[in-house]
Amino acid sequence: MKVTVRNLAFGTALLLAAAPLTAQSQEVPENLKGTGEVVITSGGGTWEAAQKKAFFDPFTRDTGIQVVLVPEDHAKLLASIKIGQPEADITGIPGGALKGWVNKEAVEETDYSFFGKDTLAGMPEQMKNKYGVGALLSSTVVAFNTSKYPAGGKQPKNWVDFYNVKDFPGKRALPKCEKILDGGLIEGALMGDGVSPDKLYPLDLDRAFNKLAEMKPNVGRWWVAGADAPQSLISGEVDIAAAYNGRIFSAKKEGAPLELSWDQSLLQLDYWVITKGSPNKENAAKFLAYISQAKPQADFAEAISYGPVNNDAYKLLPKDMINILPGSPELVKKQVFQNYEWWNEAAADGRTNWDVALERCVAMLSH
């Protein structure tokens with residue numbers, strides 16, 4: 001599961017062309033049509049709105065299968081899977097968490113027989129995991145309020161600047177422990193302490209937590225929901241934030257005085273998984289096959305600025321859009337690939353590096 005330059009130096013984006021309903025429906029293979037429903041978890045906000053536009057509504061329109069949404073709560077979902085009554089058929093998880101879900105026997109193997117040949121050909125191998133389908137490429141970036149740091153003046157560009165409260169005064173927003181992995185908390189702290197991106201792994205947890213403890217008095221918001229980071233910037237609660245690029249992109253489109261820097265941004269991969277015991281397993285496989293096509297992928301990328309999992313989506317996107325997508329040929333040169341292999345390494349006692357880091361984070365914030 002290690003993320004490498006070779007298998008991620010591809011783009012991602014999606015733009016579903018506005019085609020007449022009948023024409024669009026005719027393009028859907030018969031094996032994707034059906035009845036009934038598929039239950040999917042959703043994170044709400046601009047995230048859900050983008051998924052609805054690119055995935056949920058077109059899928060129901062073209063296949064006849066209804067999409068039912070439930071709030072995303074992975075702890076609750078895992079508990080329901082454990083008793084054999086999963087509350088959702090599909091959920092999205094960070095790439096670094098996939099192995100843990102597999103170890104918990106919480107996911108079904110993906111049935112790729114529903115995927116068209118063209119769709120599979122456009123998807124890099126990393127996106128076609130036995131237990132999960134690539135959902136998107138995203139990045140945790142350094143973002144800031146331009147009212148505090150206006151254009152033409154000194155603006156924070158990387159994690160060194162983020163942790164430099166002398167030259168860049170103001171409150172910070174950092175991910176809480178629940179988001180220690182996909183919020184890039186440890187990697188950001190180490191780069192903020194001067195560790196070179198190519199020397200990050202194995203992560204030095206002692207050094208990272210020392211840096212975080214040093215920054216703690218300057219943190220105005222420890223966020224869990226992705227929407228919290230841009231909101232805390234907009235409200236003035238904080239001036240600089242570690243944030244998901246898509247959330248900042250969406251807020252900027254709505255006129256918020258926000259900006260982000262791609263320098264040292266963390267490149268991350270999410271997966272869609274079908275839950276163990278899914279009552280709508282076939283419809284779930286049809287949904288994943290449908291949304292992995294180039295058009296839905298392009299539409300989603302355009303809506304929220306996350307990279308597509310199908311390379312053919314790039315052919316449908318305007319050039320200026322491609323240049324702001326995580327993992328795109330140009331941006332990837334500035335980005336740091338999260339090493340999921342390291343995060344999943346386990347010690348003799350069975351605890352992974354993620355387990356250890358999470359425990360230490362909770363202890364740090366409780367004092």
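The questions and answers below look at the nonpolar cores and the aromatic rings of a predicted model.

In this model, residues are numbered from 1 along each chain as its sequence is written, and side-chain values use heavy atoms, with hydrogens and water left out. Local features need pLDDT of at least 70 and side-chain atom pairs count only at pLDDT 80 or more, while totals for chains, interfaces and linings use all residues.

Visitor: Which strand gives the most to the largest nonpolar core?

Guide: A nonpolar core is a set of buried Ala, Val, Leu, Ile, Met, Phe, Trp, Tyr and Cys residues joined through side-chain atoms within 4.5 Å, where buried means under 20% relative accessible area, with a 1.4 Å probe and protein chains only. The largest such core has 70 residues, and Ile 90 and Phe 287 are among those with the most contacts inside it. Nine of its residues come from a single strand (a DSSP run of E, at least two residues, numbered from the N terminus), and the strand that gives the most is β8, residues 258–274.

Visitor: Why is the pair of Tyr 112 and Phe 115 called tilted?

Guide: Rings of Phe, Tyr and Trp (its six-membered ring) pair if their centres lie within 6.5 Å, and planes under 30 degrees apart count as stacked, over 60 as edge-to-face and the rest as tilted. Tyr 112 and Phe 115 are both buried. Their ring centres are 4.9 Å apart, and the pair is tilted because the planes stand at 50°.

Visitor: Which residues form one aromatic cluster?

Guide: The whole structure holds 15 aromatic pairs. One cluster is formed by Phe 56, Phe 59, Trp 272, Phe 287 and Tyr 290.

Conventions
Buried < 20%, exposed > 50% of the residue type's maximum accessible area, 1.4 Å probe, protein only. Helix = DSSP H or I, 4+ residues; strand = E, 2+ residues; numbered from the N terminus.
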